[in-house]
Amino acid sequence: MKIKKKLAKERSKLKRSVFFSILLMVIMLYLVLVLDDQGYFVGLERTLIYANLYIIEFLFIVYMFRLYIESTFDVIFKQDRIKIIKFFSQSVNIPFDNIVFVDVIEKYQDDFYILILLDKMKRSKSLILFDKQFALNHNEYLKSYKEASTIYGREKFYCYIIKLGGAKKYFYLYKLYKTCYRAEFTDTAIKYIKRVIEEYNLS
């Protein structure tokens, strides 16, 4: 699927999800109030109906809040670093010079993660120690670890994994390619970068 089409589809899906969630919440509340007013619920049954209604409404609110959090995720490219912004989390600043390896981890449903490896870091809860044990515990990153450790002859890196962002991750990847001159990009990452370049006539 074309990147432009993916972006449009994601925006449309977000709007539809919020609209139908609110619509269902209103309809459910209205039906319960009408039926209750007509005396369909009595005693314990009435208590259970309202309890279930509150639980379902709360779950809808949580779902919409999660959609909002995901939609606010962003990666900003500054003069010498990237700033990763995630709602309810402290922003992460990564200097371009610290980034040494970038890979794409292909997932299901045409989605992917961006794996960013650093050779050094400042103290941050958002950055993970990326070593052999981590790769063995998370098998999907094992190939990346082997390739990076072979290129650099070292056993430990630090990493940040960009999971959110939807189709915007294509542009994050392209900007990383244009700004991180020290970094090695895997063949898989280059394949995704080429999609951006070809579709948007970039160079």
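Reader: Which residues lie nearest the centre of the largest pocket, and how many line it?

Author: Rolling a probe the size of a water molecule over the atoms shows where empty space is left. Here 36 residues line the largest pocket, and Glu10, Glu70, Asp111, Gly165 and Gly166 lie nearest its centre. A pocket is an open set of points on a 1 Å grid over the protein atoms alone, where a 1.4 Å probe fits, with protein on both sides within 12 Å along at least five of seven lines; lining residues have an atom within 4 Å of a point. This is a predicted model: local features need pLDDT of at least 70, side-chain atom pairs count only at pLDDT 80 or more, and totals for chains, interfaces and linings use all residues. Residues are numbered from 1 along each chain as its sequence is written, and side-chain values use heavy atoms, without hydrogens and water.

Reader: Which element gives the most to the lining of the largest pocket?

Author: Helix H1 does, with 8 residues. Helices (H or I, at least four residues) are DSSP runs, numbered from the N terminus. The lining draws at least three residues from each of domain 1 (3-72) and domain 2 (96-200), with bounds from an automatic or database domain assignment.

Reader: What area is buried between domain 1 and domain 2?

Author: The size of an interface is often given as the accessible area lost when the parts come together. For these domains the buried area (accessible area lost, 1.4 Å probe, summed over both parts) is about 870 Å², with 64% from carbon and sulfur atoms. Ile3, Lys4 and Lys6 supply 64% of the area that domain 1 buries against domain 2. In contact (heavy atoms within 4.5 Å) are 7 residues of domain 1 and 12 of domain 2.

Reader: How many salt bridges are there between domain 1 and domain 2?

Author: Side chains of opposite charge can pair when their charged atoms come close. The count between the two domains is 0, while the whole structure has 7 salt bridges. The criterion is a side-chain nitrogen of Lys or Arg within 4 Å of a carboxyl oxygen of Asp or Glu. Arginine 66 forms one with glutamate 70, the closest N and O atoms being 2.8 Å apart. These two are about one helical turn apart because they are 4 residues apart in helix H2.

Terms used:
Buried area = accessible area lost by both parts, 1.4 Å probe.
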